[in-house]
Structures are given as C-alpha cells and as structure tokens.
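User: I've just started reading protein models and I'd like to know how the labels get decided. Can we go through one together?

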Amino acid sequence: MEIDASLCNYLVAAFILLCFSFYHWYQRPKRFPPGPRGIPVLGVLPFLGRWIERKLYQWSREYGPVMAVRLGRKDMIVLSDYDVINQAFVKQGQKFSGRRHLSFYPPSHEKYGLVFLDYGPLFKSQRKFGVATLSGLGVGNSSMETRVKEETFYLNEAIRSKHGKTFDISKLLSKAIANNICSVTFGMRYDYDDTKFLEIIDTVLNDLWSISLYSRFHDPQVNTAFRSFSFEPKFRFIPPFRAGYQKFMSDLEFVKASLGQIIDEHDATFDGKNLRDFVDAFLKQIKAGKKEFTRKQLVGYMRDLLVAGTDTSSSTLLWAALCLLHFPDAQQKLYDEIKDIIGSEGSVSASHTTMMPYTNAFIQEVFRFRTLAPLGIIHKTNEDAELSGYVIPRNTAVIINIWAVHNDPDYWKDPGTFRPERFIDENGDFVKSNRVIPFSVGMRRCLGEQLARMEIFIFLVSLLQKFEFLPDEDESLPPLDYPSRASAFVPHPFKMIARER
Ligand code: HEM
C-alpha cells in the first residue's frame, strides 16, 4: 500500500509538471499575434511540408497577415501582406531591422560583413559605406555598367562556342554573374574554366545555402547534420553531426584565406588617389583609421557580397531563360522591342530601360512569378513594437512572406499565370509595381538591388539581341511552378539551343 501511495505521489507530481510545462509552452505574451503552435518542442516543423511559403500563406488566410508561428521552440512573426510589411520594415524600420544571433555560426564570422550584422552603429556605418560605394561613388574608374557590359561579351562568346548545339546555360550564367561581383568587389574577372575561381565560388555559395532558413528543411544539398544542428546548436559537438560542422568550419577558413590573399595584393599596390574597386575603397577607410573599418570586417563584407550577389541574379536570369522557352511569343515581343530600340548591332545600356516597356514588364513578371527568396532573410525586432494592434516584443524573429505578396489573389488576377502584359497600361507604357518586392523593403532591403536590376536587364537584352533560344527537342522542359532547390527558387536543370541571329 505504501509503495502504491508514493507511486501515486510521483505520478501526480509528474502530471502537474507536465501540465505546467505544457502551460508554459502554450503561453504567449499579451496582445501577441495569433497563429499555429504545432506540437511541443518541434512546434509547426512537422507540418510545414515542402513548400513552406505556401503553407505559411495558407495559415495567414486563417490567422491574418500578422501571424505568430512556432518554429522549433520559438515563435516567429510572419508578415504576409504588402501593407503590414510596409508598416513594419519601412514605417518602423528602426524597430524591425535587427538580425538574429545565429548560435551555430562561429562568432568570428557572424560579427563581420553586413548580412548578419545586428542593427547598431557598426551596421549603420557599413550599410552607409556599401550604399555609397556600390552606387558608383568610389568604385574605381570603371562604372558598374561598363563592367557588366564587358562581361556580356565573354558570355556571348561562350554561348557562341556551343555552335547551336544543346547546352545547359546555368553554369555560364553563374560564372558571368560571379565575375560581375568579383569585378566590382576586387577588380578581377576570371576565365570561365579557372579552377581556383570555381572553388571559391562553390564554397562560398554552399555556405550560404546551408545557413538559410529555407534550406534547413528541404535543400537536398544540405546535409542532414547541418539541418539538425541549425535548430539545435548543441548537436554540432556530437558525432555524427560534428563532421558536418567541421566541414562547414574548414570551408569558412578556406574562403577567409582566399579573400585575405586578395586584400594583401590590393594593399601592396594601393594608391589612395586611384581607387580601383570596393576593396580599395574599404582599405582607404582602414588607412584613415575609422574604427568600424577593419580587415576582418572587410573579409566578411567581401564574402557577403559574393554570396548574396551571385546565385540570386544568376537564378533570376535562369528563370527568365526558362520563361523564354515556355513562352516563345514573349521572346518574340522582347526581340521586336530590342530591334526597334537598339537595333541588331547597337550596344545596350542601362539608359535603354526607360524606352523598353515590354522588357521591363517581362523582368518584373519574372521577379513576381518566380520569387527568388520567398521568405527573404530573417529580421528581428530591436525594441518592443506595435503592428496592426498586436505587440511584438523586442528580440522576436520576423519573416516576410514575399511569395504571398506576389501571389495574393485579392490583388493579382490569376497570380499563377505568367503574363508580362499585366504591367503594361492602355497606352503601352510600363507600370512599375511597388507590390513586386523581390529585394524586400526598408532599411535592410537588398544592398545590390541596383546592380542586380542592371545586370539582369543588360544580360537579357544582349543575349536576345544575338540569339534565339529554343528548347531541346529531345527533352521536355522542366515545369515553371515548382523549383528544384528550396533555399532560393532555382529551376530544375534544363538544356536549350541558342541559335545565332
Ligand atoms: C535578383 C537578385 C537579388 C535578389 C532577388 C536579392 C534579394 C535580397 C533579399 C530578399 C534580401 C534580404 C533583405 C531583407 O533582409 O529585408 C537581400 C539582402 C542583401 N543583398 Fe540581395 N538580392 C539580389 C542580388 C544581390 C546582389 C547582386 C548583391 C551584391 C551586390 C546583393 C547583396 C545583398 C546584401 C549585402 C544584402 C544584405 C543587406 C542587409 O542586411 O542590410 N544582393 N537581397
């Protein structure tokens, strides 16, 4: 009887503890946004499915455009409509522009660069410098546009060398776009078969995708170990997860050493009166003794520019190429406009954008239709903030669902249909939409937006001026609606023919 009584006491205590833990888990702060909690410990993770942005969008129809979703053990706020995103990131930019601490990421890397810098004096100084430098002030004698135009020559030559035979354009686009960013950042372009270049680019890009929120769920290229310890950082010390973490660390060291070597070469030939590129502009700040400008910061910044500026623009161009193959009428309209405005031998420049409504509409539709970074990069609140009547406490993660904004049926007619004409008005003019936001909005909007828009326009126009793109008749085209890689939306591999005009 005595044993039974103590067992009973234990069971009651365990039950109370369980109820208390459940209550604690279930609790949310006062006036916190509503939203799904999922199950203890894992939250909604088991219910997200493969297309997270679509699931989050479905939930937002139930809970509203400001919604709390429990991912793992923590609530994240998901903003799913243009107006609330604008309210948060633009109107209250200062409160919503933090970045979360990535506990699995070594502090020696996280504290430097730009992408993962939390809001504060260092971020402000680096962002200001980046905006000024990338907008052309101080990036050497050669403007960004000249560099991009030079690269189209090499890209066209590489495509011409295929002699009208079927080929996969994805690697060529990646290398050409990587060359643009290398040229702007450290004044170098590389041959497309330079192995050192390819090694750096591959390593840098793998790191990015392994840390993006999206890839943690679905990217088959990211190993399971990494995905696990990104949610439970302590796993990184335990075999078998440790091996994945060690590989990640050695990649980081390799990138650091390669970029360090480029900085040394710049330092040795530095001339303060002739700044050649981003690295020179940064070195000038270091030499002037500005305290936020350090060598470690420069390495981090270079890495961020390479990571953020390569796959993003090249994948957008890849989607554009796939759309050209799926919609030959659109390709013909683009070519007609190019012939009309630039001619078959003229040189394309960024100033042509204002004269080419259909090309602008096509690019804007690609941005909308195939949202490249459906969930952007996670923000964090720096202070308590109010949004749509809810209170979002300081240090809460905030995600924007750009895919939802681009596919909102209350705003877009047939959002699932690719139709550039939706952005052409009755006078045949291009209608720029502030609801197409692939670069996000506000204080942390993409730093490379200007470069990306320019390179996408110049590459697309110069390619179509010289080539007609046709599908490979022996293979069916991959679908447009589902991407292959989930960290950024990238099409499934495909081949095509470039017939010289
Ligand atoms: C089509 C091409 C591109 C797309 C769709 C894109 C998209 C984005 C998005 C969604 C963000 C997150 C903004 C936020 O946190 O609210 C971002 C940030 C960023 N992007 Fe891009 N990007 C592109 C090209 C580029 C290029 C070419 C560069 C390099 C020059 C670049 C550099 C950056 C940097 C440094 C950030 C971090 C900004 C910060 O944290 O303050 N991006 N981009």
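User: What span does helix 16 reach from its first C-alpha to its last, and what is expected at 1.5 Å a residue?

Analyst: One thing up front: this is a predicted model. Helix 16 covers residues 357-369, so 13 residues, and the expected span is 1.5 Å times one less than that number. That expectation comes to 18 Å, and the helix reaches 18 Å, so the two are close.

User: What makes helix 16 count as mostly covered?

Analyst: A residue is called buried when its relative accessible area is under 20%. In helix 16, 12 of the 13 residues are buried. Among them are Y358, F362, V366 and F369.

User: And what do those buried residues of helix 16 pack against?

Analyst: Four helices: helix 14 (295-326), helix 15 (328-341), helix 17 (402-406) and helix 18 (449-466).

User: Let's try a single residue. Why is R422 called buried?

Analyst: Put the value next to the cut-off: R422 has 18% relative accessibility, and buried means under 20%, so R422 counts as buried. You'll find R422 in the loop between helix 17 and helix 18.

User: How do you know that the side chain of R422 has polar contacts with backbone oxygens?

Analyst: Check the distances against the limit, which is N or O atoms within 3.5 Å. The side chain of R422 reaches the backbone oxygen of K413 at 2.8 Å. A polar atom of that side chain also lies 2.8 Å from the backbone oxygen of T417. Setting aside neighbours within four places in sequence, R422 is in contact with residues including E365, R368 and W412.

User: Which strand holds K380, and why is K380 called buried?

Analyst: K380 lies in strand 3. Its relative accessible area is 9%, and the cut-off is under 20%, so K380 is buried.

User: What joins the side chains of K380 and D118?

Analyst: A polar contact of 2.7 Å joins the two side chains. The limit is within 3.5 Å, so that distance qualifies. D118 also appears among the residues in contact with K380 once neighbours within four places are left aside, and so do K95, F96 and N395.

User: N395 again! Why is N395 called partly exposed?

Analyst: Partly exposed is the stretch between the 20% and 50% cut-offs. N395 has a relative accessible area of 45%, so that's where N395 falls. N395 sits in the loop between strand 5 (390-392) and strand 6 (397-400). Its phi is near 70 degrees, a positive value in a residue other than glycine.

User: V41 has a positive phi too. Is V41 buried or exposed, and how do you know?

Analyst: Exposed: V41 has 55% relative accessibility, and exposed means over 50%, so the label fits. V41 is in the loop between helix 1 (2-26) and helix 2 (52-63). Its phi is about 70 degrees, although V41 is not a glycine.

User: Where is G376, and why is G376 called partly exposed?

Analyst: G376 lies in the loop between helix 16 and strand 3 (379-380). Its relative accessible area of 33% is between 20% and 50%, so G376 is partly exposed. Not counting residues up to four places away in sequence, G376 touches I400 and I402.

User: How do you know that D277 caps helix 13?

Analyst: A side-chain oxygen of D277 lies 3.3 Å from the backbone nitrogen of V279, at the N-terminal end of the helix. That distance is within 3.5 Å, so the pair passes the cut-off for a polar contact. Helix 13 (residues 278-287) is mostly covered, with seven of its 10 residues buried. After helix 13 comes G289, with a positive phi near 80 degrees.

User: Now for the cavities. How many are there of 30 Å³ or more?

Analyst: Seven. The second largest cavity holds about 70 Å³ of space. Helix 14 and helix 18 are the elements that give two or more residues to its lining.

User: And how do the residues of that lining divide into nonpolar, polar and charged?

Analyst: There are 10 nonpolar, no polar and no charged residues. I169, L317, F469 and M496 are among those lining the second largest cavity. Ile, Leu, Phe and Met count as nonpolar, so these four fit that tally.

Notes
Residues numbered from 1 in each chain as written. Heavy atoms only, no water. Buried < 20%, exposed > 50% of the residue type's maximum accessible area, 1.4 Å probe, protein only. Contact = heavy atoms within 4.5 Å. 1 Å grid on protein atoms, 1.4 Å probe; cavity = no way out; pocket = protein on both sides within 12 Å on 5 of 7 lines; lining within 4 Å. Points joined across faces, edges and corners; volume = space filled by probe spheres on them. Polar contact = N/O pair within 3.5 Å; in protein donor to acceptor, adjacent residues only side chain to side chain.
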